[in-house]
Amino acid sequence: MFRRVAGKAAEPPVEPVAWTDVWEFVVSTVERPETPKRRTATRGARAIRVPRGGKSDRVFAPCAYVASRQLTGLPAAPDLTLFEDAAQQRLLCYIAPAQEVDGERHHVVHDGQGQVIGAVKRIPPKRPFRHTWRIEQPGHPEITGAQRMG
């Protein structure tokens, strides 16, 4: 299935990528951003998206889908619940409500079966507006990242 874009040749749908291989991502609805050759961005479902391609053919491929706000009976808030598929039938993981621990905000992460698989911690900034995130997973080294501004 191809999408027609304002009378131009249609582009194929952006195919999902495996979430297990992702190291850079954005949370967005943009599938195809504006580029020098593409005047209008195309949007899809809100998802964790992985940048692919070059300057002219850039796409943001989905690897996990953020739960719809219309879904009921979710184990956590929709913005904190991810599915493997666009139809939102296969629960991937969810994040429990944050808990304050020694001035840090801890978010416990559960897999689709409800088992704890790690934690995301927000560390307060040492200077204004630059807090740090730490991801902990049993059996894996800790991942540290800083919030990017802009």
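Reader: What makes the ten residues here a nonpolar core?

Author: This is a predicted model, and its largest nonpolar core has 10 residues: Ile48, Val50, Cys63, Ala64, Val66, Leu82, Leu92, Cys93, Val109 and Val120. A core is a set of buried residues of nonpolar kinds joined through side-chain atoms within 4.5 Å, so these 10 residues earn the name. In soluble globular proteins, nonpolar side chains tend to be buried together.

Reader: Which strands supply at least two residues each of this core?

Author: E4, E5 and E7 do, and E5 gives the most, with 3 residues.

Reader: How do you know what Cys93 is in contact with?

Author: Contact needs heavy atoms within 4.5 Å. Leaving aside neighbours within four places in sequence, the partners of Cys93 include Leu82, Val109, Asp111 and Ile117.

Reader: Why is the space of about 1,700 Å³ called a pocket?

Author: The name pocket goes to an open set of points with protein on both sides, whereas a probe in a cavity cannot get out. The largest pocket holds about 1,700 Å³ of space. Of its 37 lining residues, the closest to the centre are Phe25, Ile48, Leu82, Val120 and Ile135. Strands giving two or more residues to the lining include E3 (26-32), E4 (42-52) and E10 (116-123).

Reader: What is the lining made of, by class?

Author: The lining has 24 nonpolar, 7 polar and 6 charged residues.

Reader: How many helices and strands does the chain have?

Author: The chain has 0 helices and 12 strands.

Reader: What share of the chain counts as buried?

Author: Buried means under 20% relative accessible area, and such residues make up 29% of the 150 in the chain.

Notes. Residues are numbered from 1 along each chain as its sequence is written. This is a predicted model: local features need pLDDT of at least 70, side-chain atom pairs count only at pLDDT 80 or more; totals for chains, interfaces and linings use all residues. Side-chain values use heavy atoms; hydrogens and water are left out. On a 1 Å grid over the protein atoms alone, a cavity is a set of points where a 1.4 Å probe fits but cannot get out, and a pocket is an open set with protein on both sides within 12 Å along at least five of seven lines; lining residues have an atom within 4 Å of a point. Grid points are joined across faces, edges and corners, and a volume is the space filled by probe spheres set on the points. Helices (H or I, at least four residues) and strands (E, at least two) are DSSP runs, numbered from the N terminus. Ala, Val, Leu, Ile, Met, Phe, Trp, Tyr, Cys and Pro count as nonpolar, Asp, Glu, Lys and Arg as charged, and the others, Gly among them, as polar. Buried means under 20% relative accessible area, exposed over 50%, partly exposed in between (1.4 Å probe, protein chains only).
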